[in-house]
Amino acid sequence: MADKDGNILAKDYGLGIAPPLRPFPVKGMSSAGWGMQRRLSEIFADDGRTIMLAFDHGYILGSTAGLERLDLTIPSIMADADCLMATRGALRTCIPANHRKAVALRCTADGSVLKDDMSRGVPAVDVEDAIRLNASCMAVQCFIGSDGELDSLRNLAYYVNAGEKYNIPVLGVVAVGKEMERTSRYFAMATRLLAEHGAHIIKTYYCDNFEQITAACPVPIVIAGGKKIPERDALEMAYRAISEGAAGVDMGRNVLQSACPQAMLKAIRMVVHEDATPEEAYHAYELWQEDLK
Ligand code: R5P
């Protein structure tokens, strides 16, 4: 019980000093609730940017290159990531709970690549389970313009409503099915549409006129890595995206299938958080790659 007597009297009231104004660094989230801002701060560093390491693609692809032994791979390379994007199955079984990273929890089930149409996803993770796993945000795949568009928007609405209730942000993922457009016009519309429906962060592909897309999207955009391309090109893509207003990257295969995933993440960190050019980052990648052999 607190002591009633013998306490030192309060005297340091900072009279005349205005409460500090602390602008919140995540785009569009200045008036979000405290818990929402707390979770966004786990994902985004003080510069308003983030590096997400995506290893959730096993949820549609199964074990593909780089995903074979998540229990060995991810803990050994994740130091330079800000956030881990994973399914609950991978998280529980392969990632030690005492890690200090944010978690973007893959929440929808969208079928497997064996099916032609993956656009009719369903909410697979209850918001209560996201809370139990202490998710920093909930990721929802959205197939805009597909036959399952309304299913996607229903899923998004479910997670946004639950997220607003419990102050958990939602990461709206712009999905591109086999037959779907991959034009700037499409990405501009899809990103804006997900933000209008309440997504707090958007994941999409880098494309031409990207600056216009980030400008018109009221919340942060992180770019997807997509299929493996040469390391130098992936760093160039990240650089361009950041220079054109992206708040970060959410890369999987371009890290995990790199010749040296750990060096690749370090190089991405230089581009995202240290404003390095692709040349500088690639040079550092090559040196780290040698060192880490
Ligand atoms: C969508 O977000 C997918 O699950 C991605 O395929 C996954 O996150 C892996 O990312 P990447 O396309 O960079 O390999």
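A pocket, on a 1 Å grid over the protein atoms alone, is an open set of points where a 1.4 Å probe fits, with protein on both sides within 12 Å along at least five of seven lines; lining residues have an atom within 4 Å of a point. Grid points are joined across faces, edges and corners, and a volume is the space filled by probe spheres set on the points.

This is a predicted model: local features need pLDDT of at least 70, side-chain atom pairs count only at pLDDT 80 or more, and totals for chains, interfaces and linings use all residues. Residues are numbered from 1 along each chain as its sequence is written, and side-chain values use heavy atoms, with hydrogens and water left out.

**Stop 1: the second largest pocket**

Select A97, H99, K101, V103 and L133. Of the 15 lining residues, these lie nearest the centre of the second largest pocket. The space there is about 320 Å³. Add α4 (88–94) and β3 (102–106): each supplies at least two lining residues. Helices (H or I, at least four residues) and strands (E, at least two) are DSSP runs, numbered from the N terminus. By class, this lining has seven nonpolar, three polar and five charged residues. Here Ala, Val, Leu, Ile, Met, Phe, Trp, Tyr, Cys and Pro count as nonpolar, Asp, Glu, Lys and Arg as charged, and the others, Gly among them, as polar.

**Stop 2: the largest pocket**

The largest pocket has a volume of about 1,000 Å³. Select I60, V176, G177, R182 and Y205, the closest to its centre among 37 lining residues. Then colour α2 (58–61), β7 (170–174) and β8 (201–204), the elements that give two or more residues to this lining. The largest share, three residues, comes from α2. The class count is 14 nonpolar, ten polar and 13 charged.

**Stop 3: strand β8**

Show β8 with side chains. I201 and K203 lie on one side, I202 and T204 on the other, and all are buried. Buried means under 20% relative accessible area, exposed over 50%, and partly exposed in between (1.4 Å probe, protein chains only). In a regular strand the side chains alternate between the two faces of the sheet.

Now look at the partners of β8. Two strands pair if DSSP finds at least two bridges between them. β7 and β8 pair in the parallel sense over three bridges, with V173 opposite K203. β8 also pairs with β9 (residues 221–224), again parallel and over three bridges; there K203 stands opposite V222.

Centre on I202. I202 counts as buried because its relative accessibility is 0%. Beyond four places in sequence, I202 touches residues including L171, V174, L194, C217, V219 and I221. Contact means heavy atoms within 4.5 Å. Measure to R192 if you like: the C-alpha atoms are 8.9 Å apart, across ten residues of sequence.

**Stop 4: strand β1 and helix α1**

Move to β1 (residues 50–54), where five of five residues are buried. T50, M52 and A54 point one way, I51 and L53 the other. Pick M52. On β10 (residues 248–251), M52 stands opposite D250; on β2 (residues 83–86), M52 stands opposite C83. Both pairings are parallel: β1 with β10 over four bridges, and β1 with β2 over three.

Next, select α1 (residues 34–43). Its buried residues are G35, M36, Q37, R39, L40 and I43. They pack against β1, β2, β3, β6 (137–142), α6 (149–166) and β8.

**Stop 5: the nonpolar cores**

A nonpolar core is a set of buried Ala, Val, Leu, Ile, Met, Phe, Trp, Tyr and Cys residues joined through side-chain atoms within 4.5 Å. Which residues have the most contacts inside the largest core? Select F55 and L171, in a core of 94 residues. Helix α11 (residues 261–274) gives the largest share, eight residues. Around F55, leaving aside neighbours within four places in sequence, the contacts include L67, L70, I74, M85, A90 and L256. Another core, of five residues, lies apart; Y59, I60, F143 and A175 are among them.

**Stop 6: two positive phi angles**

Most residues other than glycine have a negative phi. Select N209, in the loop between β8 and α8 (210–216). Its phi is near 55 degrees. N209 counts as partly exposed because its relative accessibility is 45%. Finish at D275, in the loop between α11 and α12 (278–291). The phi of D275 is also near 55 degrees. At 55% relative accessibility, D275 counts as exposed.
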